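This report describes the fold, the nonpolar core and selected local contacts of a single chain. The sequence and structure are shown first.

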Amino acid sequence: MSLSFVFQISLYGLTGLTGVMLAFAEEHWWPAFITLPLVVIAFVYVERRRLLFLPPLWANLLGVAIFCVAGYESMGQSDDARVIALSHLLVYLTWLVLFQEKNARQYWWLCALSMLQVAMASLLTLSGWYGILLMLYVLCAVWTLAVFMLHQGERRFTQSPAPDGATESAAIPHGRRSNFATGSILHEEGEAWVTSC
């Protein structure tokens with residue numbers, strides 16, 4: 001199993017969990033719960049098959065439309081209208097990022113939007129069940145960020161055989177294998193980044 005696949009599953013799973021948590025906190029399925037099926041569609045068609053991408057021009061136009069919709073929603077009569085409008089804005093922005101071609105910036109945006117949605121959801125509920133979901137979210141978020149760090153390290157190592165600033169380690173004999181160190185990451189050539197052990 002590749003590290004890239006593990007990272008993508010972790011991040012998309014975390015994003016889906018965030019949508020469920022926000023829908024639970026709002027006690028309404030629209031729009032937050034729709035994130036769950038969109039996560040599956042984006043994972044299959046954007047990440048794995050690479051068939052569906054939102055062009056930058058369309059992403060910008062949709063971004064303007066999203067802010068207009070959220071502004072309209074914030075004009076509601078209830079006291080919570082602004083909080084709910086802001087949480088919906090975060091959901092719509094998450095949808096937008098899900099369907100863009102991804103690099104490290106988009107992955108960071110998904111992480112940040114996820115955390116912001118969880119924070120907004122905490123303002124909308126006092127349920128003890130939300131606390132249990134929050135503990136699950138924290139565990140998943142720590143796992144995802146740890147795998148993200150390894151994913152970034154792997155990308156640095158695979159961009160070239162010996163990345164700039166890398167030093168070949170000769171202190172430990174490894175037969176014909178070579179290993180490289182960049183910063184605080186040491187990687188042996190031919191070894192997997194994630195294993196079952």
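Which residues does threonine 94 touch, not counting residues up to four places away in sequence? The section on threonine 94 returns to this point, after an outline of the chain, which is a predicted model.

## Overall architecture

The chain contains six helices and three strands. Their order along the sequence is α-α-α-α-α-α-β-β-β.

Of the 197 residues in the chain, 40% are buried. The exposed surface amounts to about 11,800 Å², of which carbon and sulfur atoms supply 66%. Where contacts link residues at least 6 apart in sequence, 64% of them join residues at least 24 apart.

## The largest nonpolar core

The largest nonpolar core has 42 residues, and within this set Leu98 and Tyr137 touch the most other members. At least two residues of this core come from each of helix H1 (3–26), helix H2 (35–48), helix H3 (56–73), helix H4 (81–98), helix H5 (104–124) and helix H6 (128–158). H1 provides the largest share, eleven residues.

Once neighbours within four places in sequence are set aside, the contacts of leucine 98 are Tyr12, Thr15, Leu38, Val39, Ala42, Val46 and Leu110.

## Threonine 94

Threonine 94 is part of helix H4. Its relative accessibility is 1%, so threonine 94 counts as buried, the cut-off being under 20%.

In reply to the opening question, threonine 94 touches Thr15, Leu110, Leu113 and Gln117, with residues up to four places away in sequence not counted. Two of these names recur above: Thr15 and Leu110 are also in contact with leucine 98.

## Helix H5

What span should the 21 residues of H5 have at 1.5 Å a residue? The expected value is 30 Å, and the end C-alpha atoms of H5 are 31 Å apart, which agrees. At the start of this helix, the backbone nitrogen of arginine 105 has a side-chain oxygen of asparagine 103 within 2.9 Å.

The buried residues of H5 are Ala104, Gln106, Tyr107, Leu110, Cys111, Leu113, Ser114, Gln117, Val118, Met120 and Ala121. They pack against H1, H2, H4 and H6. Threonine 94, in H4, touches residues from this buried set, including Leu110, Leu113 and Gln117.

Conventions: Residues are numbered from 1 along each chain as its sequence is written. This is a predicted model: local features need pLDDT of at least 70, side-chain atom pairs count only at pLDDT 80 or more; totals for chains, interfaces and linings use all residues. Side-chain values use heavy atoms; hydrogens and water are left out. A nonpolar core is a set of buried Ala, Val, Leu, Ile, Met, Phe, Trp, Tyr and Cys residues joined through side-chain atoms within 4.5 Å. Buried means under 20% relative accessible area, exposed over 50%, partly exposed in between (1.4 Å probe, protein chains only). Helices (H or I, at least four residues) and strands (E, at least two) are DSSP runs, numbered from the N terminus. Contact means heavy atoms within 4.5 Å. The expected span of a helix is 1.5 Å times one less than its number of residues. A polar contact is a pair of N or O atoms within 3.5 Å; within protein, one must be able to donate a hydrogen and the other to accept it, and residues adjacent in sequence count only if both atoms are side-chain atoms. Accessible areas come from the Shrake-Rupley method with a 1.4 Å probe; for residues, only the protein chains shown count as cover.
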